[in-house]
Amino acid sequence: MPKGCLVITVSGLAGSGTTTLCRNLARHYGFKHIYAGLIFRQMAKERGMTLQEFQEYAELHPEIDREVDRRQVEAAKECNVVIEGRLAGWMVKEADLRIWLDAPIMERAKRVARREGISVEEAFVQIAEREKSNRKRYLNLYGIDIDDKSIYDLIINTAHWNPDGVFAIVKAAIDHLYPDGDAGSGSNPGNKKAEVV
């Protein structure tokens, strides 16, 4: 593993496997795992609200989204963290490695259905509606097009690998990040881009 202080972001849509990957990375490397859901819960507690009450409040107050994202950026100032969130790659501009996990929507719907104990059809509709709503919200709040993957260093279609396979791919990327004397990338460590489909 590279020396020093690493900041990794993991983004992806519902059911793509971001939480599983982040937990595996945190466990293996001892990274601190920061995710929007954790920040959201902390903010609800700070306001003395239940999670449900705070979710309803957040829907009417866009500044909550901004605060969650701001806290993710703050967390990135720590060493050896993995930050999970749909916009983490966009928000944490100085991340050492920005990862996007993807999978076809039907595959993601099957995973969400298993996780939530609902039908695949119901999961599909929920995902499609939420993604449409989020896409619009991200554009309005930040001018970010969530479909633009050009900022990511590594894009993985998780339909092709189980969680261990996805972890192995990302581990290889981390373990070979900024190697000393790398002649392949030139002097600019920003010249890194890979897609695994």
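**Exercise 1. Checking a helix length**

What span should the 12 residues of α6 have at 1.5 Å a residue, and how far apart are its end C-alpha atoms?

*Solution.* Some ground rules before we start. This is a predicted model, where local features need pLDDT of at least 70 and side-chain atom pairs count only at pLDDT 80 or more, while totals for chains, interfaces and linings use all residues. Residues are numbered from 1 along each chain as its sequence is written, and side-chain values use heavy atoms, with hydrogens and water left out.

Step 1: α6 covers residues 105-116. Helices (H or I, at least four residues) and strands (E, at least two) are DSSP runs, numbered from the N terminus.

Step 2: the expected span is 1.5 Å times one less than the number of residues. For the 12 residues of α6 that comes to 16 Å.

Step 3: the end C-alpha atoms of α6 are 16 Å apart, so the two values agree.

Step 4: look just past the helix. Gly 117 follows α6 and has a positive phi, near 70°.

**Exercise 2. The buried side of α6**

Find the buried residues of α6, then zoom in on Ala 113.

*Solution.* Step 1: buried means under 20% relative accessible area, exposed means over 50%, and partly exposed is in between (1.4 Å probe, protein chains only). In α6, the buried residues are Arg 108, Ala 109, Arg 111, Val 112 and Ala 113.

Step 2: α7 is included in what covers them.

Step 3: Ala 113 has a relative accessible area of 6%, so it is buried.

Step 4: list its partners, with contact meaning heavy atoms within 4.5 Å. Skipping neighbours within four places in sequence, Ala 113 touches Ile 118, Ser 119, Val 120 and Ala 123.

Step 5: now try a pair. Ala 113 and Phe 124 are 11 residues apart in sequence, and their C-alpha atoms are 8.4 Å apart in space.

**Exercise 3. Two helix crossings**

Describe how α2 packs with α3, and how α4 crosses α7.

*Solution.* Step 1: axes are lines fitted to C-alpha atoms, for helices over the stretch in contact, and angles run from 0 to 180 degrees between N-to-C directions. Helix α2 (residues 36-46) and helix α3 (residues 51-60) pack at about 100°, their axes 9 Å apart.

Step 2: put a word to that angle. Under 35 degrees counts as roughly parallel, over 145 as roughly antiparallel, 65 to 115 as roughly perpendicular, and the rest as oblique. So α2 is roughly perpendicular to α3.

Step 3: see who meets whom. Phe 40, Arg 41, Met 43 and Ala 44 of α2 meet Leu 51, Phe 54, Gln 55 and Ala 58 of α3. That contact holds 6 nonpolar, 1 polar and 1 charged residue. Here Ala, Val, Leu, Ile, Met, Phe, Trp, Tyr, Cys and Pro count as nonpolar, Asp, Glu, Lys and Arg as charged, and the others, Gly among them, as polar.

Step 4: over to the other pair. The axes of α4 (residues 63-75) and α7 (residues 120-142) come within 11 Å and cross at roughly 80°. These two are therefore roughly perpendicular to each other as well.

Step 5: from α4, Asp 65, Arg 66 and Asp 69 meet Arg 137, Leu 141 and Tyr 142 of α7. By class, this contact has 2 nonpolar, no polar and 4 charged residues.

**Exercise 4. Around α8**

Work out what the buried residues of α8 pack against, and what happens at its start.

*Solution.* Step 1: the buried residues of α8 are Gly 165, Val 166, Phe 167, Val 170 and Ile 174.

Step 2: they pack against β1 (7-12), α1 (18-29), β4 (97-102) and β5 (154-157).

Step 3: at the start of α8, a side-chain oxygen of Asn 162 comes within 3.1 Å of the backbone nitrogen of Asp 164.

**Exercise 5. Two loop residues and a strand residue**

Are Asp 153, Asn 80 and Thr 9 buried or exposed, or something in between?

*Solution.* Step 1: Asp 153 sits in the loop between α7 and β5. With a relative accessible area of 9%, Asp 153 is buried. A polar atom of its side chain lies 2.8 Å from the backbone nitrogen of Arg 98.

Step 2: Asn 80 is in the loop between α4 and β3 (81-84). At 24% relative accessibility, Asn 80 is partly exposed. It has a positive phi of about 50°, although it is not a glycine.

Step 3: Thr 9 belongs to strand β1 and, at 0% relative accessibility, is buried.

Methods. A polar contact is a pair of N or O atoms within 3.5 Å; within protein, one must be able to donate a hydrogen and the other to accept it, and residues adjacent in sequence count only if both atoms are side-chain atoms.
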